[in-house]
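Okay, everyone, thanks for coming. Let me put today's structure up on the screen, and then I'll walk you through it.

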Amino acid sequence: MAIQITAVRISGEIAHEHIVHLWWTNPATGKTGNNSRAEIVDWIEVQNGKAYTDDARGHRADVLVVTPAHGEKYLRTRSDGTWTDNLLALPRR
């Protein structure tokens, strides 16, 4: 199952590390939901979940887990082998 991330909540600076909550939809089932960053990280790493963003022009970017040398794991998008800021461009909630 792949979910599309549709909105984020950011606490503090506008940076990937400060995304604290994400809203999503599953296009295959129509189901929607929201989870904390930690829950999505766990879902991707432990349950082999897949997530992505899709902008208005149809550009899709995979949502991946980043493990920094210090601090908590966070999420960031990658498209065509390049790290992108698609999560930061999503609507805020």
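So, start with Arg37, which sits in helix α1. One thing to keep in mind as we go: this is a predicted model.

Is Arg37 buried or exposed? It's buried, with a relative accessible area of 12%; the cut-off for buried is under 20%. And what does Arg37 touch, once you skip residues up to four places away in sequence? There's a whole run of neighbours, including His16, Glu17, His18, Ile19 and Val20, and also Lys73, Tyr74 and Leu75. Glu72 is on that list too, and the side chain of Arg37 makes a polar contact with the side chain of Glu72, at 2.8 Å.

That contact also counts as a salt bridge, with the closest N and O atoms of Arg37 and Glu72 2.8 Å apart. The pair ties together distant parts of the chain: Arg37 is in helix α1, while Glu72 is in the loop between β5 and β6, 35 residues apart. Now look at the two ends of that bridge. Arg37 is buried at 12%, whereas Glu72 counts as exposed, at 59% relative accessibility.

A bit of background here: side chains of opposite charge can pair when their charged atoms come close.

How many salt bridges turn up in a search of the whole structure? Four. Another one of them joins Glu45 and Lys73, where the closest N and O atoms are 2.9 Å apart. Again it's a link between distant parts of the chain, with Glu45 in helix α1, Lys73 in the loop between β5 and β6, and the two positions 28 residues apart. Here Glu45 is partly exposed at 39%, and Lys73 is partly exposed as well, at 33%. Then there's Asp55 with Arg57, whose side chains meet at 3.5 Å, N to O. Asp55 is partly exposed at 27%, but Arg57 is exposed at 66%.

Okay, back to the helix. Which residues of α1, residues 37-46, are buried? Arg37, Ile40, Val41, Trp43 and Ile44. If you look down the axis of α1, those buried residues fall within an arc of 165°, so they line one face of the helix. On the face turned away from that buried side you'll find the exposed residues Ala38 and Val46. And just after α1, have a look at Asn48, which takes a positive phi of about 55°.

So what do the buried residues of α1 pack against? Strands: β1, β2, β3, β4, β5 and β6. The helix lies across those six strands, and it runs at about 105° to β3.

Let's turn to the sheet itself. Seven strands make an open sheet, in the order β3-β2-β1-β4-β5-β6-β7, and the pairing is mixed. At the edges are β3 and β7, each pairing on one side only. From one strand to the next, the twist averages 45°.

As a reminder, strands of a sheet pair through backbone hydrogen bonds, either parallel or antiparallel. For a concrete example, take β5 and β6, which pair in the antiparallel sense over five bridges. If you want to find one of the bridge partners on screen, go to Val66 and look across to Tyr74 in β6. Tyr74 should sound familiar, since Arg37 touches that residue too.

That's my tour, thanks for listening.

How values were computed. Residues are numbered from 1 along each chain as its sequence is written. This is a predicted model: local features need pLDDT of at least 70, side-chain atom pairs count only at pLDDT 80 or more; totals for chains, interfaces and linings use all residues. Side-chain values use heavy atoms; hydrogens and water are left out. Buried means under 20% relative accessible area, exposed over 50%, partly exposed in between (1.4 Å probe, protein chains only). Helices (H or I, at least four residues) and strands (E, at least two) are DSSP runs, numbered from the N terminus. The arc is that of the directions from the helix axis to the C-beta atoms. Contact means heavy atoms within 4.5 Å. A polar contact is a pair of N or O atoms within 3.5 Å; within protein, one must be able to donate a hydrogen and the other to accept it, and residues adjacent in sequence count only if both atoms are side-chain atoms. Two strands pair if DSSP finds at least two bridges between them. Axes are lines fitted to C-alpha atoms, for helices over the stretch in contact, and angles run from 0 to 180 degrees between N-to-C directions.
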